[in-house]
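Trainee: Please show me the model, and then I will ask about its charged residues and its sheet.

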Amino acid sequence: MDTKDARVLVVGASGALGGELARRLHEGGARVVAAGRDPERTRAVAEDVGTDPLTLDVVGVEACATTVAAAVEQLGGLDLLLVTVGVAAFGKAAELDEAVAEELYAVDVLGPVALVRAAVPHLRESSGTVAVISAVLADLPTSGMADYSAAKAALATWLQVLRREERRSLRVLDVRPPHLDTGLETRALAGEPPRLPAGRPAGEVVDLVLQAIREDKTELVVDGKEMVLR
Ligand SMILES: NC(=O)c1ccc[n+]([C@@H]2O[C@H](COP(=O)([O-])OP(=O)(O)OC[C@H]3O[C@@H](n4cnc5c(N)ncnc54)[C@H](OP(=O)(O)O)[C@@H]3O)[C@@H](O)[C@H]2O)c1
C-alpha cells in the first residue's frame with residue numbers, strides 16, 4: 001500500500017516500536033492517530049504526529065472497539081491498523097501465577113484480536129492493511145516463556161486464518177521479530193527473563209515493518225540469523 005496520505009491507527013504508540021512506527025509513518029506523509037495506555041507517552045507521540053491522542057487499556061475489549069471508532073471518526077476512515085501492544089511474563093510453565101497468565105493472554109491475544117475485529121469493516125471498505133506484532137516465539141517456543149510463547153502463537157495463528165478468510169478484502173501482516181533492544185523484558189508482568197542474547201536494534205525491525213507494509217508482504221520472520229519478509 002501507499003502509506004502517503006494513508007489513514008493510520010497505531011495502538012501501542014506509547015511503546016518503543018509503536019512510537020517509532022507512528023512517527024516514521026507521519027514523516028512519510030501518513031495521517032496517524034496514536035493510541036496507548038500511558039497517557040503522557042501517548043500524548044508525546046500524538047503531539048509529534050499532530051492528532052488527538054487516544055488512551056486505552058486493552059484488558060476489557062470494549063475499549064478496543066471504542067478506540068477504533070474514535071480513530072475512524074478523527075481520520076474519516078481507516079487504511080492501516082498497526083497493533084504493537086504486548087507484554088511478557090517469565091516463569092516455568094507449571095508455575096506461572098494464574099492471574100498473571102490471564103492478564104498476559106488478555107493483552108497479547110484478546111486485546112489485539114478485538115482491535116482487529118473492530119477495524120476489519122473499515123479496512124474492507126478501504127482495501128486496507130492490518131499489521132500486528134507477534135514474535136518469533138510463535139515459531140520457536142522457549143523455556144521460561146511458555147505462556148508468552150503460547151500467546152504469541154495463538155495470535156499468529158488467528159492472523160493466518162484472518163488472512164485466508166479476508167484475502168479478497170484486506171491485507172494481513174504478521175511481524176514475528178526476535179529479541180530486540182527495547183527493554184520489553186524489563187517490563188514483564190512477572191518473573192525474571194532467562195539469559196537472552198543481546199537484543200537486535202529496534203530500528204532494523206521498524207525499517208522492515210515499513211517496507212513490509214509498503215510492499216504488501218504478509219510476514220516478517222526469523223530465518224537463521226536474518227529477519228526476512230515474505
Ligand atoms: N522487544 C522485543 O524483544 C520483542 C520481540 C518480539 C516481539 N515483540 C513485541 O513487539 C511489541 C512491542 O514491544 P516493544 O518492544 O515496543 O515493547 P514496549 O515498549 O514495552 O511496548 C509495549 C506496548 O504495549 C502496551 N501495553 C502493554 N499492556 C497494555 C495494556 N494492558 N493495554 C494497552 N497497552 C498495553 C504498552 O503500553 P504502555 O507503555 O502505555 O503501558 C506499550 O505501548 C509487543 O507486542 C512485543 O511482544 C517485542
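The questions below deal with charged side chains, one helix and the sheet.

Mentor: This is a predicted model, in which local features need pLDDT of at least 70, side-chain atom pairs count only at pLDDT 80 or more, and totals for chains, interfaces and linings use all residues. Residues are numbered from 1 along each chain as its sequence is written, and side-chain values use heavy atoms, with hydrogens and water left out.

Trainee: Which side chain of opposite charge is nearest to Lys 152?

Mentor: Lys 152 sits in helix H5 (residues 146–165); helices (H or I, at least four residues) and strands (E, at least two) are DSSP runs, numbered from the N terminus. Lys 152 is buried, meaning under 20% relative accessible area, with exposed over 50% and partly exposed in between (1.4 Å probe, protein chains only). A salt bridge needs a side-chain nitrogen of Lys or Arg within 4 Å of a carboxyl oxygen of Asp or Glu. Lys 152 has none, and the nearest side chain of opposite charge (Lys and Arg count as positive, Asp and Glu as negative; His and the chain ends are not counted), 4.4 Å away, is Asp 108.

Trainee: Which parts of the structure does the salt bridge between Glu 166 and Arg 124 tie together, and how many residues apart are they?

Mentor: The two side chains of Glu 166 and Arg 124 meet at 2.8 Å, N to O. Glu 166 is in the loop between H5 and strand S6 (171–175) and Arg 124 is in helix H4 (residues 98–126), so the pair links parts whose separation in sequence is 42 residues.

Trainee: Which residues are linked with Arg 176 in a network of salt bridges?

Mentor: Arg 176 is buried, with a relative accessible area of 6%. Its side chain meets that of Asp 139 in a salt bridge (2.8 Å, N to O). Glu 219 also forms a salt bridge with Arg 176, the closest N and O atoms being 3.0 Å apart. The network links Arg 176 with Asp 139, Asp 174, Glu 219 and Arg 230.

Trainee: Over what arc do the buried residues of H2 spread?

Mentor: In helix H2 (residues 39–49), the buried residues are Thr 42, Val 45, Ala 46 and Val 49. They lie on the same side of H2, because their arc (taken from the directions from the helix axis to the C-beta atoms) is only 100 degrees.

Trainee: Which strands stand at the edges of the sheet?

Mentor: The open sheet has 8 strands in the order S3-S2-S1-S4-S5-S6-S7-S8, with mixed pairing; two strands pair if DSSP finds at least two bridges between them. Two strands have a single partner each, so one side of each is left without a neighbour in the sheet: S3 and strand S8 (226–229).
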